[in-house]
Every structure is written in structure tokens, then in C-alpha cells.
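Work through the exercises below with the sequence and the model open. Each task is followed by a solution in steps.

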Amino acid sequence: MILLQAEVLELKANPTRPMLGTIVEAKLDRGRGPVATVLVQQGTLRVGDIFVTGAHFGKVRALINDKGKKVDQAGPSIPVEVIGLDGVPLAGDTFVVVADERTAKEVAQGRSQRQRLAELSQTRRVTLDDLYQEIQEGTVKELNIIVKADVQGSAEAIKESLEKLTSPLVKLRVIHRGVGSITESDILLASASNAIVIGFNVRPETKGEDLAERENVDIRLYTIIYDAIADVKAAMEGLLEPTLKERTLGRVEVRQVFQIPKQGVIAGGHVSSGLISRNSAGARVIRDGTVVYEGKIGSLRRFKDDVKEVQAGYECGIGIENFNDIKVGDVIEVYTHDKIAAKL
């Protein structure tokens with residue numbers, strides 16, 4: 001029906017004019033770096049083209065069509081994955097081919113500077129637990145939120161859902177959204193603008209988590225979008241009553257992977273921080289800042305001996321129950337839950 005309507009209306013595009021398109025989705029791929037799905041709307045996109053999209057720029061290194069095959073060019077109405085970006089753009093950003101790399105860099109840097117100044121315009125501080133009380137006292141009239149997710153689509157969905165929660169007493173504003181793990185830059189921005197950080201299917205980097213503790217920045221991590229929306233809504237209504245608070249016990253950097261008969265895959269790694277305890281509440285496997293599995297520790301060994309815990313600085317072998325896709329470079333994060341008394 002769409003093709004029929006296009007033919008009846010004589011809808012046409014010029015494949016020879018300067019290329020213009022839109023970012024449909026973007027993500028950070030472990031092997032390929034930043035990858036964006038671009039829908040070409042005007043002109044033709046070719047391998048080797050210099051482009052600008054949002055606050056990012058680059059040179060097209062490869063184009064991949066919807067069948068996963070490399071192509072040399074893409075014309076109007078054709079969606080392609082673009083490899084060659086210097087960062088992850090936002091879904092909905094325009095994608096424009098420019099004359100040279102110098103022009104692209106100047107445009108991208110100018111946009112980045114304006115975006116940074118806008119994000120740093122707020123300087124108050126708030127936590128989700130005390131939000132209702134501060135709203136009633138009139139000290140909070142605008143709640144700033146930073147959203148980090150595993151893909152741009154999720155970040156955009158969370159942003160739109162949160163901004164719909166705006167009430168007459170407080171306005172919700174997502175000052176920054178992005179893809180990948182929660183970094184020191186995110187925490188610095190949250191500290192400067194008094195924002196709450198919401199992570200969806202991502203984890204904070206070690207330095208970022210330490211900085212958040214020092215700056216008292218509130219980080220909330222979720223794997224279900226509804227839970228994030230429900231928590232913020234409950235906080236605004238004074239109904240948020242946290243009973244469990246997650247606390248990270250330690251991290252293991254995976255350096256080797258072993259296939260053990262009858263036991264599955266065992267990760268050989270170095271305990272980079274904290275303490276790894278077999279009796280922890282759970283463990284999650286993190287790959288490039290994104291949670292790929294969450295479960296329990298199945299086995300923990302030092303050399304050939306089963307142990308209950310391993311301290312930071314030591315090597316260990318660790319297995320995760322019902323998960324055999326551990327890879328070298330992954331980080332295994334072990335955590336527990338502390339009981340927190342409900343606030344009246």
C-alpha cells in the first residue's frame with residue numbers, strides 16, 4: 001500500500017543531490033565501535049563520504065544493508081548501518097554529508113560546545129529518596145535526569161516516558177541521554193546540574209561509581225523501563241519506600257576462559273577490587289559497560305581448591321550458573337543487598 005501510494009502521488013527523490021538522512025538507531029558495538037542505522041532521505045551515501053550527525057562526525061568506513069552485506073552506496077529510502085563515527089549519536093539526529101573533514105569537525109565541535117553549556121545550566125542537588133519532601137518544601141521545582149542505556153531506542157523511550165510525569169509542582173527534564181556505561185563525565189554533569197542518573201541495562205564504570213559516592217550523586221539502575229518510570233513517579237508522590245539497596249562487593253576482570261567437562265565454562269580472572277564471595281546475592285556479567293547476564297555464582301576456586309571468598313589482588317576461577325558465553329575482557333560484578341529501613 002505504501003508503494004502504491006508513492007506511485008499514485010508520484011513521490012520522488014533526487015539521488016544526485018547532497019546526501020541527507022536521519023539516525024534511526026545507534027549503539028556502541030564491541031568489535032566495530034559506534035554504529036548508526038541511517039535512513040537515506042535525499043541524495044546518495046557512499047563509502048568514503050565525510051559526514052556530520054548531531055555533535056559527532058566521521059568518515060564512512062563501511063555501509064551494511066538490511067541483509068548484513070557490505071554495500072558501496074545507498075540511495076533515497078534505503079536504510080544502512082554506518083561504521084566510522086567518532087561517537088554514538090542520538091536517534092532522530094540528522095545525518096549530512098559535507099565537503100571535507102575540517103568542516104565536519106568544526107560543525108560537530110560547535111554543536112558539542114552548545115550542548116555542554118546547556119547541560120551545565122543547572123546547579124541544584126537532589127536525591128530520589130527525599131524528592132517528595134523537597135517538592136513539598138518548594139526547594140525542587142525542576143528534577144534533572146541523566147539517562148544512559150544500552151541502545152539509543154531505550155534511552156529515547158525512557159526520556160519520553162519520564163517527561164510525561166511532569167506535574168504542576170515539579171517539572172522533569174532529561175538534560176542528557178546517551179549509550180554505554182555510566183562514566184565520570186556523566187557523574188560530573190549530574191553533580192554540576194543536581195541530576196539523578198538512571199541506567200538501563202548498563203553499569204557505572206569503577207571510576208564513575210567512586211566519583212558518584214564522593215559527590216553524593218544518586219544512581220538508579222534498571223533492567224525494566226517500567227520499573228524506572230514507576231520509581232520516579234512513586235518518589236514524586238511520596239510513596240517510594242526502598243527496602244533493599246544494592247551494594248557492590250567486588251569485580252573480577254576475565255583474562256582467560258576454560259571449558260571444564262561437566263562444569264561448563266569457567267572464567268579465570270583477577271579480582272580488581274573488593275571481595276568476591278560465593279554467598280553473595282548475585283553476580284552479573286558486564287561487556288563494554290552493558291549487562292549481558294545476571295545470575296548467581298556457580299563455583300569459586302583458587303587454583304584447584306574450592307573457596308568461599310577471594311580478596312582483591314588475587315587470581316581466581318569463577319563460574320556463573322547457567323551461563324557459558326563468558327569472554328575475555330568481560331567484567332564479573334558481584335553484589336549483595338542491604339536492608340534499608342523505610343522512611344516515614
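**Exercise 1.** In this predicted model, classify phenylalanine 51 and phenylalanine 95 as buried or exposed.

*Solution.* Step 1: the cut-off for buried is under 20% relative accessible area. Step 2: phenylalanine 51 has 0% relative accessibility, so this residue counts as buried. Step 3: phenylalanine 95 also comes out at 0% and is therefore buried.

**Exercise 2.** Place tyrosine 293 and phenylalanine 323 in the chain and describe how their rings are arranged.

*Solution.* Step 1: tyrosine 293 belongs to strand β17 (residues 290-295), whereas phenylalanine 323 sits in the loop between β21 (315-320) and β22 (331-339). Step 2: they are 30 residues apart, and the pair links distant parts of the chain. Step 3: the ring centres are 4.6 Å from each other and the planes make an angle of 15°, an aromatic pair that is stacked. Step 4: tyrosine 293 has a relative accessible area of 22% and is partly exposed, while phenylalanine 323, at 10%, counts as buried.

**Exercise 3.** How many aromatic pairs are counted, and how is the pair of phenylalanine 51 with phenylalanine 95 classified?

*Solution.* Step 1: the count comes to 2 aromatic pairs. Step 2: for phenylalanine 51 and phenylalanine 95, the centres lie 4.5 Å apart and the planes meet at 25°. Step 3: planes under 30 degrees apart count as stacked, so this pair is stacked. Step 4: phenylalanine 51 lies in strand β4 (residues 50-53) and phenylalanine 95 in strand β9 (residues 94-98), 44 residues apart.

**Exercise 4.** Find the strand pairings of β9 with β4 and with β1, and name a residue partner in each.

*Solution.* Step 1: β4 and β9 run antiparallel and are joined by 4 bridges. Step 2: in this pairing phenylalanine 51 stands opposite valine 97 of β9. Step 3: β1 (residues 20-29) also pairs with β9 in the antiparallel sense, over 3 bridges. Step 4: here glycine 21 has phenylalanine 95 as its bridge partner.

**Exercise 5.** What is the strand order of the open sheet with 4 strands, and which strands stand at its edges?

*Solution.* Step 1: the order is β11-β10-β12-β13, with parallel pairing. Step 2: β11 (171-179) and β13 (219-222) each have a single partner strand, so one side of each lacks a neighbour in the sheet and these two are the edges. Step 3: on average, neighbouring strands of this sheet are turned by 20° against each other, direction ignored. Step 4: at one edge, β12 (residues 195-200) pairs with β13 in the parallel sense over 4 bridges. Step 5: isoleucine 198 has arginine 220 in β13 as its bridge partner.

Terms used
Residues numbered from 1 in each chain as written. Predicted model: local features only at pLDDT ≥ 70, side-chain atom pairs only at ≥ 80, totals over all residues. Heavy atoms only, no water. Pairing = 2+ DSSP bridges. Axes fitted to C-alpha atoms, helices over the stretch in contact; angles between N-to-C directions. Phe/Tyr/Trp six-rings, centres within 6.5 Å; stacked < 30°, edge-to-face > 60°. Buried < 20%, exposed > 50% of the residue type's maximum accessible area, 1.4 Å probe, protein only.
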